[in-house]
Amino acid sequence: MLELVDLSKKFKQNNAVKNVNMFIEKGEIVGLLGPNGAGKSTAISMLSSLVIPTKGDVRFNNKSVIKHPEPLRRVIGMVPQEIALYEDLTAEENLKFFGRIYKLKGNALKKKIDEVLDQIGLTDRRKDIVKTFSGGMKRRLNIGVAMLHDPEIMIMDEPTVGIDPQSRNYILETVKRLNHEKQMTVLYTSHYMEEVEFLCDRIYIMDQGNLIASGTKDEIKRILSAEKAILIKSNRWNDTFITSLKQDPTVNRVIVEEKEITIMVPKEINMFSSLIRIAEDAGIELNSVDIKTPTLEDVFLHLTGRALRD
Amino acid sequence: MMIGILQAKCKLFLRNPLLFVIFTGMSIVFALIIGGAIGMNTIHVPVYAENETVQDSFIGEYLEETDVYQFSWMTKDEMLEEISNGKAEVGAVLQEFDYQLIVGVESVNTAMVDQTLRDAYMRNIQLEQMITAAGADTGRERENVLEELQSAMASPVFTIETTSFRSSDSFIYDNTFQSLFGFSLFFVIYTIAYNVLPILIEKKDGIWDRMILSPIKKWEMYVANLVYSFFAGYLQVLIIFLIFRFWVGVDFNGRFLETLVLLIPYVFSIVALSIFLTSLMKNAEQFNAILPIIAVSMAMIGGAYWPIEIVESEILLALSKINPLTYGMEVLQGVAVYGYSIEELLLPISILLLMGVVFMGLGIHLMEKRHV
């Protein structure tokens, strides 16, 4: 349905996106995962015909979007990362404005506004000025505006940034519902791993402009199927402890954070006793030891050596 | 769809009219106070004659006839007292062939009084030279020469009609119009610029991206925004002029409607200049920092604060040639003060329109190129 073919974008000396290939089929929710600055926003701007690529093509139903953006634009709904609303207008006035530019009018517009307000849970606040809304309500309206013209494809650029958990859940449920009830195709970018795990059928992972992994959730987790992660916590670490861990022949990798260390070891290895001994020798008091099955977060760590929110 | 954008803009304007009200109010207050439109049309200038004959001479007569300044004869002490008390900005000590200015407050009036006095002494010297050339020695002979001169001046052999008001000979200084036009054209720069600025903010916020993906055409988005900015600016000056015409009672020399029509090219050029400035800025903070610098500089070298005719610096005069405010003042003063016809004002009107087209073209091109 929608394809990115060898897509690259260069801004002066910065290669924001490098030879990215991706596809999205009708009715699926695809996650685009990566830390800030990975190139996700640039990639979706090119995908939605807002930015012209330096190289490559975007194809919608086998036709070039760069040459003919109109067919895609007709069916696309865009939820930008910013709150793209008039903050001095009410929720209803915003919906009316954006509905009108999509040529909706009269009863059809009114009906659509009622429907969207209901879907995003803002019917009671329709007459309130947007700048009086909480961050979560603004985000919901931001999504509502993109739903006005019943798009077949919804592109959502980090739609839950900076909001409370309740609004976040509401948004995630709304996306699931739209996909389920209206068979809406969704491209969802985020740096929250749990959102992508909850929503998406397939996942693309980007880092520093490159696509570093892709597949279903299970396929991606299988990248780490031969390993397990041991998560240890303490109030402090020292160099002796970290060096000893890294030198242990059974340890594949050690990822150190402020109060946590993740140790990747082969699945069959039981290093519990040797871990306790290393800690005692280094004078480290461990608060907890937890053995985890790999998550997408671990996959990202494995692929890039960095945490997603670094 | 363009109507939809205009409606949204109007709603936003009505929800936040504060800036518009402030700039309109400031234009009116400044024009009323500095322009002296409320009963302060003539400026009082105390003068003291060191030589008593000066008051009865041609110089005294010339100063009496001046409309803009009211020269009051008094003793030296009285004059100094008035200046030190702040009752007068400037005074003058007049001698037979020379004069001294006593300046209390350095203002535009100092230069203007100086120019008036210089004119009086220059003409006096010319007169004396003519009398000497005519060989008149006695008082009666002098009177005869003067009478003949006056009758010759009354029916000249040929007359010269001056069409360029840049010439110092034909310079008319009307304080009310100077301040009214100056402050109106100055403050409207802010109103227009702050109405164009949302284009930059909406682009940053993704509102424009949303519109680009919709069926609305990009040219419609620009036209709707620029038409709105134009009308916001025009409305501000219209309100100011209406207040001065019907409340303060300033007669635009019977050419009120023409003044309103001839305002259009200036407002258009400022809309275009604003979009050009917006295209050069990366964010609203940069724009807010640069706008006062640009607007005040334009007012200073464009003749909004003081008449451009008193500016002598070649550099400033050269800069004024690329300043829309210079031509805006030329057009409005031309129609209301000098009584020029529209044909005679075609040059500044054309320059304003040309500037508008060039700035608009460059501004939109840069905005699109930079994808701001």
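How many helices and strands make up the secondary structure of chain B? In this predicted model, the count for chain B comes to 16 helices and 4 strands. The C-alpha trace of chain B spans about 95 × 50 × 40 Å along its principal axes. Chain B has 372 residues, and 47% of them count as buried. Contacts were also sorted by separation along the chain. Among contacts in chain B with a separation of 6 or more, 75% come from residues 24 or more positions apart. The exposed surface of chain B is about 18500 Å². Carbon and sulfur atoms supply 61% of that surface.

Charge was examined next. Chain B carries 21 positive and 40 negative charges. The mean positions of these two sets lie 23 Å apart. Side chains of opposite charge can pair when their charged atoms come close. A search of the whole structure, over all chains, finds 23 salt bridges.

One of these salt bridges joins Asp88(A) to Lys131(A), with the closest N and O atoms 2.6 Å apart. The pair links distant parts of chain A, 43 residues apart. Asp88(A) sits in the loop between β6 (76–79) and α3 (91–101). Lys131(A) sits in the loop between α4 (106–119) and α5 (135–147). The relative accessible area of Lys131(A) is 47%, so this residue is partly exposed.

Within chain B, Lys9(B) forms a salt bridge with Glu202(B). Their closest N and O atoms are 2.8 Å apart. This pair, too, links distant parts of its chain: Lys9(B) belongs to helix α1 (residues 2–15), and Glu202(B) belongs to helix α8 (residues 175–205). The two residues are 193 residues apart. Are these partners buried or exposed? Lys9(B) has a relative accessibility of 5%, so it counts as buried. Glu202(B) has 4% and therefore counts as buried as well. The cut-off for buried is under 20% relative accessible area.

Another salt bridge in chain B connects Lys218(B) and Glu368(B), whose closest N and O atoms are 2.5 Å apart. Here helix α10 (residues 218–248), which holds Lys218(B), is linked to helix α16 (residues 346–370), which holds Glu368(B). The partners are 150 residues apart along chain B. Lys218(B) counts as partly exposed, because its relative accessibility is 33%. Glu368(B) is also partly exposed, with a relative accessible area of 28%. In chain A, salt bridges that share partners build one network. Its members are Glu92(A), Lys110(A), Asp114(A), Arg126(A) and Lys127(A).

The contact between the chains was then described. It takes 23 residues from chain B and 29 residues from chain A. The size of an interface is often given as the accessible area lost when the parts come together. Chain B and chain A bury about 2300 Å² between them. Carbon and sulfur atoms account for 64% of this buried area. Which three residues of chain B supply more of the area that chain B buries against chain A than any other three? They are Arg15(B), Arg210(B) and Leu213(B), which supply 35% of that area.

The count of salt bridges between chain B and chain A is 1. Arg15(B) forms a salt bridge with Glu93(A), and the closest N and O atoms are 2.7 Å apart. Arg15(B) thus appears twice in the account of the contact: as one of the three residues named for buried area, and as the partner of Glu93(A).

Key:
Residues numbered from 1 in each chain as written. Chains lettered and ligands numbered in written order. Predicted model: local features only at pLDDT ≥ 70, side-chain atom pairs only at ≥ 80, totals over all residues. Heavy atoms only, no water. Salt bridge = Lys/Arg side-chain N within 4 Å of Asp/Glu carboxyl O. Buried < 20%, exposed > 50% of the residue type's maximum accessible area, 1.4 Å probe, protein only. Contact = heavy atoms within 4.5 Å. Areas by Shrake-Rupley, 256 points an atom, 1.4 Å probe, with all protein chains shown as cover. Lys, Arg positive; Asp, Glu negative; His and termini not counted. Charge placed at Lys NZ, Arg CZ, Asp CG, Glu CD. Buried area = accessible area lost by both parts, 1.4 Å probe.
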